[in-house]
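Here are some short exercises to work through with the model open on your screen. Try each task before you read its solution.

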Amino acid sequence: MKRRFWIMFSLLSVILLASANSYGAHGEKRPEKRAILLAAFGTTVPEAQKSLDQMTDRVKQAFPGVEIRWGYTSSIVRKKLSKKEKSFDSPETALSKLMDEGYTHVAVLSLHTIPGEEFHDLYRNCRLFGQMSGGFERIMVAWPLLSSHQDMVSVSKALIKHIPKERKPEDAVLFMGHGSEHHPADAMYPAMNQVLGDMDSNVYVATVEGHPTLEDILPKLEKKNIKKVYLMPFMAVAGDHARNDMAGDEPDSWKSVLKKKGFGCEVVLKGTADYPEVVDVWLDHLRAVFSHFK
Ligand code: CO
């Protein structure tokens, strides 16, 4: 309970991480060098990688002249990618390189959806980087996608806007979030259900690893006599979870479970990073960090 309290407290408190490193070892003022580190779980799916590349373009447009680097938090993804032609650093390796190269101000943008376990791990390590002597003058972590009620409203509007046009009002739409069994931020998903449901009563979110689960949503669909369900990812990219756990042909995929229950099923393989209005929310969080660099 105590730990949860501190996690929530750190969430609510400021995200300023470090300062007072503006002088080098011999007292000389260092020239200001700004960088953005984009941190994501990472993906081995080439189409999903394209979505992340588009994200780089959007960030470049919004912050011209600022160095942009990527850090993938998943060691499994990094290992798999290292066998191909393109390799990716962990956020920590990427930060070490930026530090070595004399960057003074670093804004870290987490492409996670909720401020869950992975976000907090990233936050903790960035904070430690901020404590190193002779290192960054400032390093700050931007909020992940959902960090306020306003974010939930903006993101819900964007998700609804990108539901395929063929969908009829009586068809349900079920978004697949990742979820987190062990983190209080999992409560963002029931909150999103509320916000989405207020905009369109046939739109739901369920999660792979947290709550609500698919089993929690099924009785609601049955009660409403829904005939057809659109399945869409509620993760930055349509990666492994979307392609296998949501849209795969295995008997335990969401598509298979829904079909077995007699629902018609359409899948959409696009992640939230593919929706410009969702990217706008992430960019706003990044702008908030940059406003502290002035
Ligand atoms: Co997962």
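The exercises below concern a predicted model, and each one comes with a worked solution.

**Exercise 1. The metal site**

Task: Find which residues coordinate the cobalt ion, and work out where they sit in the chain.

Solution: Start at the ion and look for donor atoms. Cobalt is coordinated by NE2 of His178 and NE2 of His241, at 2.0 to 2.1 Å. Next, trace each histidine back to its element. His178 is in the loop between strand E5 (172–177) and helix H7 (188–199), while His241 belongs to helix H9 (residues 240–246). The two are 63 residues apart, and the pair links distant parts of the chain. Finally, check the accessibility of His178: its relative accessible area is 26%. Buried means under 20% and exposed means over 50%, so a value in between is called partly exposed. His178 is therefore partly exposed.

**Exercise 2. An open sheet**

Task: Give the strand order of the open sheet of four strands, and say which strands form its edges.

Solution: Reading across the sheet, the order is E2-E1-E3-E4, with parallel pairing. The edges are strand E2 (67–72) and strand E4 (138–142), each of which pairs on one side only. Neighbouring strands here are turned by 20° against each other on average, direction ignored. Now zoom in on one pair. Strand E1 (residues 34–40) runs parallel to E2, and six bridges join them; one of the bridge partners to look for is Gly71 in E2, opposite Ala39. To finish, add a helix: H5 (residues 117–130) lies across E1, strand E3 (105–110) and E4, and runs at about 170° to E4.

**Exercise 3. A covered strand**

Task: Decide how many residues of E6 are buried, and sort them by face.

Solution: Count first: five of the five residues in E6 are buried. Then sort them. In a regular strand, side chains alternate between the two faces of the sheet. Val203, Val205 and Thr207 lie on one side, with Tyr204 and Ala206 on the other, and both faces are covered. For the neighbour of this strand, turn to E5, which pairs with E6 in the parallel sense over five bridges. Leu174 has Tyr204 in E6 as its bridge partner.

**Exercise 4. Two helices against H11**

Task: Classify how H2 and H6 are oriented relative to H11.

Solution: Take H2 (residues 46–62) and H11 (residues 276–290) to begin with. Their axes are 11 Å apart, and the helices pack at an angle of about 50°. That angle makes H2 oblique to H11. The crossing is right-handed. On the H2 side, Met55, Arg58, Val59 and Ala62 take part, meeting H11 residues that include Trp282, Leu283 and Leu286.

Move on to H6 (residues 149–161). Its axis comes within 8 Å of the H11 axis, and the two cross at roughly 155°. Angles over 145 degrees count as roughly antiparallel, so H6 is roughly antiparallel to H11. Asp151, Ser154, Val155, Ala158 and Lys161 of H6 make this contact with Glu277, Val278, Val281 and His285 of H11.

**Exercise 5. Two backbone details**

Task: Locate the cis peptide bond that leads into Pro212, and the place of Asn225.

Solution: The bond from His211 to Pro212 is cis, with omega near -5°. Pro212 lies in the loop between strand E6 (203–207) and helix H8 (214–223). Asn225 follows in the loop between H8 and strand E7 (228–233). Although Asn225 is not a glycine, its phi is positive, about 60°. With a relative accessible area of 53%, Asn225 is exposed.

How values were computed
Residues numbered from 1 in each chain as written. Predicted model: local features only at pLDDT ≥ 70, side-chain atom pairs only at ≥ 80, totals over all residues. Heavy atoms only, no water. Buried < 20%, exposed > 50% of the residue type's maximum accessible area, 1.4 Å probe, protein only. Donors = N, O, S within 2.8 Å, 3.2 Å for Na, K, Ca; no water. Pairing = 2+ DSSP bridges. Axes fitted to C-alpha atoms, helices over the stretch in contact; angles between N-to-C directions. Contact = heavy atoms within 4.5 Å. Parallel < 35°, antiparallel > 145°, perpendicular 65-115°, else oblique. Left-handed = near helix turned anticlockwise from the far one by under 90°.
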